[in-house]
Amino acid sequence: MAAAFALEKQVAISAVLRACRLTSSVFNKLVTAETVTKNDKSPVTVADYAAQAVINTLLSRAFPQDPIVGEEDAKVLRAPETEEHRGLRAHVVALANDALSPPPTADERAEWGVGASRTADELLDAIDRGMYEGGSTGRMWALDPIDGTKGFLRGGQYAVCLALIVDSVVELGVMGCPNLPVDFLKPDGEKGCLFVAVRGQGAATRSLSSPTLHALTLPPVPASSYQLLESLEAAHSSHSFSALFSQKLGITRPPLRMDSQAKYCALARGEGAIYLRMPTGVGYREKIWDHASGSVLVTEAGGVITDSRGLPLNFGLGRTLGENFGIVAANKQVHARAIEIHLGITLQGIEQDVIM
Ligand SMILES: Nc1ncnc2c1ncn2[C@@H]1O[C@H](COP(=O)(O)OS(=O)(=O)O)[C@@H](OP(=O)(O)O)[C@H]1O
Ligand SMILES: [Mg+2]
Ligand SMILES: [Mg+2]
Ligand SMILES: [Mg+2]
């Protein structure tokens, strides 16, 4: 009997690999007109739109009943073209078709929509399949076509992140990190990694260039080597809170800062020992697509993930994690200590002073 979610895993890997090829090919050729600033001032590029079109095309054809919670929508692409973004829609369509058209590999099937081009309307509709509002029951996919768009734009870390959530539980996570070194001890060596986790079946990784997956288990990290993984963007995670937290945990090494869910991948491989994300103020709600695939990866690699108060992440409340406040991911022992320290800082009442 096939393992649970075997087909979903195969489709998700194919979709993420095709999207990773697309994003890598775009990076070197990107020009200003191909980056849009969203209402919340965050950037989105032709590569984000095209990657969402590609992944949603595969999902919609392989699993037509499944709704998708995707970060992007096609509103800007459907609007009349402005001088500022001339050719944006055509470029998204061309990129998506470049990624979809190569014939199916031995692991793919033509029924998933690979090996053929789509019309512009079909691709915009595919992007808009991501507008599902989420919820606590049934199956849904969570997609971040490029997590860490700022990282992508600066040539740093970013991740193509796809997860399957069933009845609020993340069952499958697939992440592609085109700029992550295959061997973290050789930062200048080959780059490009894939991470796959299925709940109850473990976590695994491979380079983007090789088909063989290797099991991944969070290695024990000696206390003297603890290092904090945190966002590069100070606006996304409080660096001053992390500094205080590190001091209380006796961490002397400087934090390892990187964009995107590549932080979860790094953690699962034993880089750093704790991923800490403390909100920089009140009001921002974490999005499910920013944590779904990373959370199942860390759990399946033997780690623990909760919000900063030790509460489980709730993927069943809609497009956001609702009242969850911050993120702490680490191995069991370090995680318990990290929550204690967080509580200690909160009880002392200095939290508000340092997170701003
Ligand atoms: N204010 C605030 N607080 C917390 N998080 C925020 C905030 N604003 C945005 N975001 C989300 O951060 C996502 C990227 O997270 P990172 O930790 O990788 O930050 S950074 O981009 O590396 O700098 C980023 O994901 P992408 O938009 O996919 O890049 C956003 O969803
Ligand atoms: Mg974004
Ligand atoms: Mg994101
Ligand atoms: Mg994104």
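A residue counts as buried when 20 or more other C-beta atoms lie within 10 Å of its own, as exposed when 12 or fewer do, and as partly exposed in between, with C-beta atoms placed from the backbone. Welcome to this predicted model, in which local features need pLDDT of at least 70, side-chain atom pairs count only at pLDDT 80 or more, and totals for chains, interfaces and linings use all residues. Residues are numbered from 1 along each chain as its sequence is written, while chains are lettered from A and ligands numbered from 1 in the order in which they are written.

Let us start with two loop residues. Most residues other than glycine have a negative phi, yet both residues in this table have a positive one.

| Residue | Phi | Loop between | C-beta atoms within 10 Å |
|---|---|---|---|
| Lysine 41 | near 75° | strand 1 (35-37) and strand 2 (43-45) | 7, exposed |
| Aspartate 167 | near 50° | strand 5 (159-166) and strand 6 (169-181) | 13, partly exposed |

Strands (E, at least two residues) and helices (H or I, at least four) are DSSP runs, numbered from the N terminus.

Next comes helix 5 (residues 120-128), whose buried residues are Leu123, Leu124, Ala126 and Ile127. They sit on the same side of helix 5 because they cover an arc of only 155° around the axis, taken from the directions from the helix axis to the C-beta atoms.

Finally, 20 residues surround ligand 1, each with its C-beta atom, placed from the backbone, within 6 Å of the ligand. The closest are Thr149, Ser231, Glu233, His236 and Asp259. Strand 4 (139-147) and helix 6 (149-153) are the elements that give two or more residues to this shell.
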